[in-house]
Amino acid sequence: MNKSFVYLSIVSLFCLTFMNDVMANDDIAPVFSDDGNYIYFYSYRGITPGKAYDVPAQSYKMNVDGSNQTKITSSDHRNWWVLPFHQEGLIVVSDRDATEPFGGANIYHHNLKDGSYEPLTNVNPKAGEWALWFSKTEDNKSLVYLTQNAFRDYKETKLYKYDFVTRKAKQILKEFKSIKFPYISRDGSHIAFVSDHKIYIADGDGQNTIEVISMNKEENSSFYGISLTNGGNKISFSFAKDGITSAELYTINSDGTNLRQLTDNNVRDTNPNWSPDNKFIAFNSVRHNNLNHNDIFIIPAAGGSETNLTQTSIYDKNIE
């Protein structure tokens, strides 16, 4: 990563300078840019806490120290998840072709220069279908994503690998009926995913699948995101043993060795994402309010102190 984290202690001062005490915010799913200089995420930044989700989610970008938080989309539809794509583009999940908000979604290439949205997937949002949970290679040649019949319907999902050169998608790992949180390493060498409370890793083409770890399957236990290092030799993941509020961050080697718990608290830590140099993990967490609104954090991959980058929900508790 090109940015130094020496000055991260000033982040909270920066963020508080620009807050509006009538804003309700929910910052979710941070992703590092390929050069490691920026973090992208999506956010609900509403007028009042109770109406935060009445406004469409938009894509944001900030420096890795949390400074210069900038909204980079302005849409009448919701833009969830975001990946930078070349110099003037984004890849986003959007409900722009659904009949109602949250009704379904495709994945789009959003050209920031001319404002256009080009669909990369062809599910039917009007029928409630979704394409989501995507990740891409650093060379911008491959994208992996899931399709499912409804947003939270994981009973039967399909995993696809999209080729930006041929502009075609191919279903892979057909032997798994239900897949969650697929993630392709930045170099394209490996794909990790969750199925039936287990993490698996496969070659970049979906071959040679091996089981990495099996977590205890309890009534309220679940994964909430995984990520691969550049090179695919280590996995970070979020797992909740007893409901989402118990979700913590873990790392493990891709061969199943050296399981380590990174966070330990009574709030949810979800959606981990490795920095390109494999030294840091960004994630979102609920810390400052009781409205389940998230902020973006970063933690050294080797463990240590977390740094709160956005702090945009800090006023929620004051204006309920």
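Me: In which strands do the salt-bridge partners E211 and K198 lie?
Reply: In this predicted model, the side chains of E211 and K198 meet in a salt bridge, with 3.8 Å from N to O. The pair ties together parts that are 13 residues apart in sequence, because E211 and K198 belong to two separate strands. The strand of E211 is strand 16, and that of K198 is strand 15.

Me: Are E211 and K198 buried, partly exposed or exposed?
Reply: Buried means under 20% relative accessible area and exposed means over 50%, with partly exposed in between. E211 has a relative accessibility of 42%, and K198 has a relative accessible area of 23%. Each value falls between the two limits, so E211 and K198 are partly exposed.

Me: Which strands are the edge strands of the open sheet that contains strands 15 and 16?
Reply: Four strands form this sheet in the order 13-14-15-16, with antiparallel pairing. An edge strand pairs on one side only. The edge strands are strand 13 (180–184) and strand 16 (210–214).

Me: Over how many bridges do strand 15 and strand 16 pair?
Reply: Strand 15 covers residues 198–203 and pairs with strand 16 in the antiparallel sense. Within this pairing, I201 has I210 in strand 16 as its bridge partner. The number of bridges between strand 15 and strand 16 is four.

Me: Which residue stands opposite K180 in strand 14?
Reply: Strand 13 pairs with strand 14 (residues 190–195) in the antiparallel sense, over three bridges. K180 is in strand 13, which spans 180–184. The residue opposite K180 in strand 14 is V194.

Me: What is the C-alpha to C-alpha distance between G225 and F181?
Reply: G225 lies in strand 17 (residues 222–228) and is buried, with a relative accessible area of 5%. Leaving aside neighbours within four places in sequence, its contacts include F181, S236 and P272. Although G225 and F181 are 44 residues apart in sequence, their C-alpha atoms are separated by 5.7 Å.

Me: How many residues apart in sequence are the parts tied together by E118 and R167?
Reply: The side chains of E118 and R167 meet in a salt bridge of 2.0 Å, N to O. E118 lies in strand 8 (residues 117–119), whereas R167 lies in the loop between strand 11 (157–163) and strand 12 (168–172). The pair therefore ties together parts whose separation in sequence is 49 residues.

Me: Is D269, the salt-bridge partner of R287, buried or exposed?
Reply: The side chains of D269 and R287 meet in a salt bridge of 2.8 Å, N to O. R287 is partly exposed, with a relative accessible area of 27%. For D269 the relative accessible area is 0%, so D269 is buried.

Me: Which side chain of opposite charge is nearest to R268?
Reply: R268 is located in the loop between strand 20 (260–261) and strand 21 (269–274). Not counting residues up to four places away in sequence, R268 touches several residues, among them I244, N284 and V286. R268 is buried yet has no salt bridge. At a distance of 5.3 Å, the nearest side chain of opposite charge is D26.

Me: What percentage of the residues in the protein chain is buried?
Reply: The chain has 320 residues, and its secondary structure comprises one helix and 24 strands. Its accessible surface is about 14100 Å², with 45% belonging to carbon and sulfur atoms. The share of buried residues is 56%.

Notes:
Residues numbered from 1 in each chain as written. Predicted model: local features only at pLDDT ≥ 70, side-chain atom pairs only at ≥ 80, totals over all residues. Heavy atoms only, no water. Buried < 20%, exposed > 50% of the residue type's maximum accessible area, 1.4 Å probe, protein only. Areas by Shrake-Rupley, 256 points an atom, 1.4 Å probe, with all protein chains shown as cover. Pairing = 2+ DSSP bridges. Lys, Arg positive; Asp, Glu negative; His and termini not counted. Salt bridge = Lys/Arg side-chain N within 4 Å of Asp/Glu carboxyl O. Contact = heavy atoms within 4.5 Å.
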